[in-house]
Amino acid sequence: PVPLDRHPSPPAVAVLAGLFLVASLRSGNLNVPLFPFEEPAREFLEKVFWARPRSKEFLIGHPLMLLGLYMFFNKRYEKYKASAILALSAGMFGQVSLVNTFCHAHIPFLMSLVRAVYGLALGALGGALLILCLKHLKKS
């Protein structure tokens with residue numbers, strides 16, 4: 001069985017910190033190069049959706065926000081409040097990105113709205129998957 005201890009492992013924290021650093025740098029006006037898999041993934045999303053959802057919303061922000069809310073308000077995870085707060089804090093990426101979606105005056109409002117709805121829907125699915133994984137880990 002995989003124990004759910006109170007503190008994540010240092011390598012996991014380092015990987016997560018690296019991902020958040022890249023996501024943060026991309027939020028500004030810095031020219032951070034894409035990973036090799038990102039361009040094909042973006043092209044795929046542009047073909048599938050009318051308006052491509054923002055990656056940091058549906059891959060990072062919204063799923064972690066839902067996971068954090070689930071852990072924070074579920075009595076079974078009472079001793080993991082610090083992890084829940086960490087997930088909620090990281091989940092703010094999605095909320096800030098959602099607000100930023102509507103701050104681009106040159107993009108039509110309907111395009112931003114559709115992009116936001118797609119991001120929320122995909123993020124909700126991602127959050128549900130994270131919660132299911134957490135429940136599975138807690139059982140084992």
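**Note on helix α5 and the nonpolar core**

1. In this predicted model, helix α5 covers residues 109-139, and its 31 residues should span 45 Å at 1.5 Å a residue. The C-alpha atoms at its ends are 45 Å apart, which agrees with that expectation.

2. Several residues of α5 are buried: S112, V114, R115, A116, G119, G123, G126, G127, I131 and L134. The cover over these buried residues includes α3 (55-73) and α4 (81-101).

3. Helix α5 also contains L110. At 53% relative accessibility, L110 counts as exposed, because the cut-off for that class is over 50%. L110 belongs to a nonpolar patch on the surface, together with W50, F102, F109, L113 and V117. The accessible area of this patch is about 620 Å² in total. As a general background, nonpolar side chains in soluble globular proteins tend to be buried together.

4. The largest nonpolar core has 13 residues. Those that touch the most other members are F20, L64, L67, M71, Y77 and L134. Helices α3, α4 and α5 each contribute at least two residues to this core, and the largest share, five residues, is from α3. L134 also appears among the buried residues of α5.

5. Which residues does L64 touch, leaving aside those up to four places away in sequence? The contacts of L64 are F20, A87, L88, A90, G91 and L130. Of these, F20 is listed with L64 among the core residues that touch the most other members.

Notes:
Residues numbered from 1 in each chain as written. Predicted model: local features only at pLDDT ≥ 70, side-chain atom pairs only at ≥ 80, totals over all residues. Heavy atoms only, no water. Helix = DSSP H or I, 4+ residues; strand = E, 2+ residues; numbered from the N terminus. Expected span 1.5 Å × (residues − 1). Buried < 20%, exposed > 50% of the residue type's maximum accessible area, 1.4 Å probe, protein only. Contact = heavy atoms within 4.5 Å. Patch = residues over 30% accessible without salt bridge, like charges linked within 9 Å, V, L, I, M, F, W, Y side chains within 5 Å. Areas by Shrake-Rupley, 256 points an atom, 1.4 Å probe, with all protein chains shown as cover. Salt bridge = Lys/Arg side-chain N within 4 Å of Asp/Glu carboxyl O. Core = buried A, V, L, I, M, F, W, Y, C linked by side-chain atoms within 4.5 Å.
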